[in-house]
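Here are some short exercises on how two chains meet. Try each task before you read its solution.

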Number of protein chains: 2
Amino acid sequence: MPSGQTSLQDLQTPALLLDEARMTRNIERLAERAKTLGVTLRPHLKTAKSVEIARRLTGGEARPITVSTLAEAEAFHAAGHTDILYAVGIAPQKLARVQALREQGCDLVVILDSPAQAQAVAEAGVPALIEIDSDGHRGGLLPDDPALVEIGRVLHAGDNLRGVMTHAGESYMVRGNAAHADFAERERSAAVRAADALRDAGLPCPVVSVGSTPTAHAARDLSGVTELRAGVYMFFDLVMAGIDVCGMDDIALTVLTTVIGHQPAKGWVMIDAGWMAMSRDRGTAAQDVDLGYGVVCDAEGRVMRDLIVSTANQEHGIVSLRPGAAGPMPDLPLGTHLRILPNHACATAAQHDRYNVLPANGGPMNTWHRFGGW
Amino acid sequence: MPSGQTSLQDLQTPALLLDEARMTRNIERLAERAKTLGVTLRPHLKTAKSVEIARRLTGGEARPITVSTLAEAEAFHAAGHTDILYAVGIAPQKLARVQALREQGCDLVVILDSPAQAQAVAEAGVPALIEIDSDGHRGGLLPDDPALVEIGRVLHAGDNLRGVMTHAGESYMVRGNAAHADFAERERSAAVRAADALRDAGLPCPVVSVGSTPTAHAARDLSGVTELRAGVYMFFDLVMAGIDVCGMDDIALTVLTTVIGHQPAKGWVMIDAGWMAMSRDRGTAAQDVDLGYGVVCDAEGRVMRDLIVSTANQEHGIVSLRPGAAGPMPDLPLGTHLRILPNHACATAAQHDRYNVLPANGGPMNTWHRFGGW
């Protein structure tokens, strides 16, 4: 089993690799944007789930973060983070754990979009943001829904109204900076209209929170917004590359794998990275170029043009040329190490319990723990 | 966080539930078949990855098992299992771990399908089965490939030839007992022909191993076969139900989830089981009835007709009526507990680190640890 400071050659495969230099570049890129746009960045740690990465995202300080589970909130609070947004609609049954963290000094804030939730949250004395629907993607109230002010009043009675938030998940479905900028403006406009509706009713709305990785990189003006959220940006992935938010050479995560067999008549090379190592995510299937279960790179991370993981079983991947691609298949003997770029970093990382970190300075590899669960 | 003997109501969601009575029934069903067919059953533990479940599969004895990773081999050997088949083509870099287990008294056997692998395995003194391709699904040699005898000779020189094995993965793609029986006969015929080819060349072939969950349940005659492998049969899932290997009421795994929101105008109910809890597996998408990310049951496990998880984000599921289904949507207030039947038990279980076990006798729940990794 791999432990700290193993070399790449000695790693047991499949194994998750993190290119620290690329991650640092991605982190700095969005931090710079947030500064230019004049908003606070509240990174979403649902993708990383690592105390080491959280430290690099917040410069070692207890700056704002976003989480998708209470297990994340608990782990990051234990590591010193005190300003946490739990950005999944709250279930009443989860409020006891929220309260426990708040009593330990964690400013944990929840989100909600219904009077029933507001009632439960107000009774528990937990502060909340009201979720706004800016693109029909998932949850949230429309900015002009009368329930918005009703909920605001319920929360404000106990001083638990912190503001509003929205997330344009549909921005993942469109390609290019101009299209993402349109979604960024939809996020901004919906959140600001909701904030204004609350303020017009005499309610406070200190926080106006927006964001997704595509919109965060494309927003041109965030007037009226106070904070920006994004998650997958620290790693990026093929889905983000497919909609032009990044290039393939910005992707910081790969899965190291070994060639374990061949079916030459079919043009297949078998590897030991199946869906258990890559996840079942097929996020590029609906994009302009379907990249199967990931793009193949050599052991140094250089993309091998048109070579993809075309099929995945639990512990087997089948590498072949992309349909329509000109051959020939490269010669990849038994035991060859390859690296696979993932479709969806959140899903692929979730299949692993550690990051094998290739340090920026080229020194020995580090191992960073990654947690899961709820 | 859940611990041993929590009640269903107190579980934090999402959580993986295991119905022990159903599992026991499924285990007994295939054990009975293997007995009737006159073959040894070698259960595949890639789905379960649990020492508690392994004990129930083997009646507490050290009977034969199959694994998909060396991490499984190590964990099950530590729990007393000594007859283990590692059923993924061996990479030379993994032989040191195989040898280490063998030196500890574990009869760990590997599989291979190339002369290069046979050379590496022979040098390491590790016994192997030769993988046979019975359906074009993945790896393996055709029974009449001259490489078969060549590999057999390399292995036999060091007394490392144990036999042949095959797996008809394509049997998952067809529906009904007759179609699965055809694939079972393809497995049997290919494996027996390969064994005969080895024997005709004066080589031993004591083990003739076949199996997949669909073929294991449909095989009518296994003459010449010595052992049968199957994995998902202890739990079953919607993919198996969709090809008539089981009914929905045989599925022993569900994910417990909580209603966290509503979009009534769209007929959506939001739950806290997204793809992180269900996996990204969409195994029913290519079947006659596409069941999205799973079928919704009430908290007692009763199927709610035509209600599915139609969309999944990381920690959100969207429950709605199946396209074409007659309404109306049932009333599912905030905080309601539901249970979701999974598409693919191997993938869904892999998203969790424990089984919350509903015991056959209706007593208090147990928690069984589940491991992952490589």
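**Exercise 1.** How many residues does the contact take from chain B and from chain A?

Solution. Note before starting that this model is predicted. Now count each side. Chain B gives 54 residues to the contact, and chain A gives 54 residues. Next, match the two lists. Of the interface residues of chain B, 100% are also interface residues in chain A, so the copies meet through the same surface.

**Exercise 2.** Find the rotation and the shift that superpose chain B on chain A.

Solution. Start with the turn: a rotation of 180 degrees is needed. Then check the shift along the axis, which is 0.0 Å. The fit has an RMSD of 0.0 Å. The two copies are therefore related as by a two-fold rotation axis. Last, look for the axis in the model. Arg280(B) is the residue of chain B that comes closest to it, with its C-alpha at 2.4 Å.

**Exercise 3.** Describe the interface by its area and its polar links.

Solution. Take the area first. About 4600 Å² is buried between chain B and chain A, and carbon and sulfur atoms give 54% of this. Turn to charge: 4 salt bridges cross the interface. One of them joins the side chains of Asp272(A) and Lys94(B), at 2.6 Å from N to O. Add the polar contacts, which link 28 residue pairs across the interface. Finally, sort the residues of chain B that touch chain A: 21 are nonpolar, 21 polar and 12 charged.

Technical notes:
Residues are numbered from 1 along each chain as its sequence is written. Chains are lettered from A and ligands numbered from 1 in the order in which they are written. This is a predicted model: local features need pLDDT of at least 70, side-chain atom pairs count only at pLDDT 80 or more; totals for chains, interfaces and linings use all residues. Side-chain values use heavy atoms; hydrogens and water are left out. Copies are superposed by least squares on the C-alpha atoms of residues with pLDDT of at least 70 in both. Contact means heavy atoms within 4.5 Å. Buried area is the accessible area (1.4 Å probe) that two parts lose on being put together, summed over both. A polar contact is a pair of N or O atoms within 3.5 Å; within protein, one must be able to donate a hydrogen and the other to accept it, and residues adjacent in sequence count only if both atoms are side-chain atoms. Ala, Val, Leu, Ile, Met, Phe, Trp, Tyr, Cys and Pro count as nonpolar, Asp, Glu, Lys and Arg as charged, and the others, Gly among them, as polar.
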